[in-house]
Amino acid sequence: MRAARLIRMALLIQSSPGLTAASLARELEVSERTVIRDAQALQDAGIPVRSERGRVGGYFLAPGYRTRLTTLNPSEAETLFLSGLPSALRDLGLSAAADTARLKLTATLLPSLREAAQSSVRRFHLDAPAWFREPPTPDVLPELARAVWADRAVELSYARPGREGAAPAPVSRVVEPYGLVLKAGTWYVVARVPGGADRDGGWRTYRVDRVTALAPAPGRDEPFDRDPAFDLAAHWEERSAAFARTLLRTSVRVRLTARGLAALPAVVDGAAVTDALASATAPDPAGLVTLDLPAESEEVACDQLARLGADAEVLAPATLRARFRERAAALAALYGAAEADDQR
């Protein structure tokens with residue numbers, strides 16, 4: 001465990017000279033004191049790590065020194081060839097560049113590792129879009145990706161969805177695009193509005209397929225100053241979970257069998273499952289569990305819980321319970337009539 005951390009620390013210092021103890025501690029998920037001890041261990045092993053104080057200080061390797069730790073092992077070579085999604089690279093206009101990069105990388109590998117690298121391609125394929133849908137690739141996506149790479153502010157025109165069935169409203173805004181996210185086959189751009197001082201810090205998320213036009217931001221020829229502390233994955237996880245919870249506007253009390261409880265994550269959103277399980281009672285003598293399930297609406301809850309069949313009983317609200325009673329009566333009438341016809 002420590003050996004792997006020391007190797008990673010040496011490679012981090014080599015690739016990013018001047019990293020502070022605090023930065024290395026965050027990257028390695030250890031304390032700053034551990035970083036200091038590890039730096040001493042690297043020195044003892046013959047790797048000339050040195051630290052410098054001051055505003056531009058940090059950890060460095062001796063001038064001209066490069067570690068010999070960059071050789072891949074078979075597991076690393078296999079994993080590296082899994083690092084990209086073919087469909088995502090195609091959407092971004094990077095398929096040719098990725099193919100060339102793989103060829104170059106393969107040529108640099110030892111002969112014993114080339115087979116290891118290719119084996120992952122033959123054994124694993126990552127398919128991002130959901131079933132039964134073929135989302136179109138937005139026309140502006142490659143250009144938007146270039147803006148993300150270059151830290152270039154853009155002016156985008158966006159069709160903002162109207163409320164309660166109203167027509168989409170056109171919006172034009174200058175943004176600093178920080179990253180692109182592919183979620184279930186749909187592309188999103190995470191961006192910051194310059195000078196944004198609202199409770200969200202100016203951060204916005206746009207569906208790329210709703211961007212109708214894209215152009216360089218007027219008067220913004222230089223790259224914007226990217227916040228070095230921004231973590232795209234952490235930002236997306238936090239904001240998407242918060243967004244999911246904003247949709248859960250009602251609550252349903254339901255009693256579930258053990259089988260229904262086990263199947264609940266398959267029929268409702270993850271955030272709703274988490275909150276529901278936190279409210280769950282201990283199983284009663286019959287093994288039934290009662291919980292409060294967040295839902296978007298009674299209509300959505302009815303469709304979701306109907307998939308659990310007799311393993312779920314709605315206790316409240318009364319209006320939703322009445323919906324199930326009507327649905328059950330309609331099904332009984334339908335199948336009862338069909339059975340009577342079969343017996344004639």
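In this predicted model, P223 is in contact with A150 and D151 once its neighbours within four places in sequence are left aside. The residue P223 is found in the loop between β7 (211-216) and α9 (232-246). The C-alpha atom of P223 is separated by 9.3 Å from that of E176, although the two residues are 47 residues apart along the chain. With a relative accessible area of 48%, P223 is partly exposed, because a residue is counted as exposed over 50% and as buried under 20%.

The residue that follows in the numbering, F224, leads to the aromatic pairs of the model, for which the count comes to six. In one of these pairs, the rings of Y178 and F224 have their centres 5.4 Å apart and their planes at 25°, so the pair is stacked, the limit for stacked planes being under 30 degrees. This pair links distant parts of the chain, since Y178 belongs to strand β4 (residues 169-183) whereas F224 belongs to the loop between β7 and α9, 46 residues apart. Both members of the pair count as buried, Y178 at 1% relative accessibility and F224 at 5% relative accessibility. Another pair is formed by Y188 and W236, whose rings have their centres 5.3 Å apart and their planes at 50°, so the pair is tilted. Because Y188 lies in strand β5 (residues 186-192) and W236 in helix α9, the pair ties together parts that are 48 residues apart in sequence. Y188 has a relative accessible area of 19% and is buried, a value that falls under the 20% limit for that class. Beyond single pairs, one aromatic cluster is formed by Y178, W203, F224 and F230.

A further part of the model concerns the packing of two helices. Two packed helices are described by the angle between their axes and by the distance between those axes. Helix α1 (residues 2-15) packs with helix α2 (residues 21-28) at an angle of about 130°, and the axes are 11 Å apart. The two helices α1 and α2 are therefore oblique to each other, because an angle would have to be over 145 degrees to count as roughly antiparallel, and 65 to 115 to count as roughly perpendicular. The crossing in which α1 passes α2 is right-handed. On the side of α1, the residues R5, R8, M9, L12 and I13 meet L24, E27 and L28 in α2. The residues of this contact divide into five nonpolar, no polar and three charged.

How values were computed. Residues numbered from 1 in each chain as written. Predicted model: local features only at pLDDT ≥ 70, side-chain atom pairs only at ≥ 80, totals over all residues. Heavy atoms only, no water. Helix = DSSP H or I, 4+ residues; strand = E, 2+ residues; numbered from the N terminus. Buried < 20%, exposed > 50% of the residue type's maximum accessible area, 1.4 Å probe, protein only. Contact = heavy atoms within 4.5 Å. Axes fitted to C-alpha atoms, helices over the stretch in contact; angles between N-to-C directions. Parallel < 35°, antiparallel > 145°, perpendicular 65-115°, else oblique. Left-handed = near helix turned anticlockwise from the far one by under 90°. Nonpolar A, V, L, I, M, F, W, Y, C, P; charged D, E, K, R; others polar. Phe/Tyr/Trp six-rings, centres within 6.5 Å; stacked < 30°, edge-to-face > 60°.
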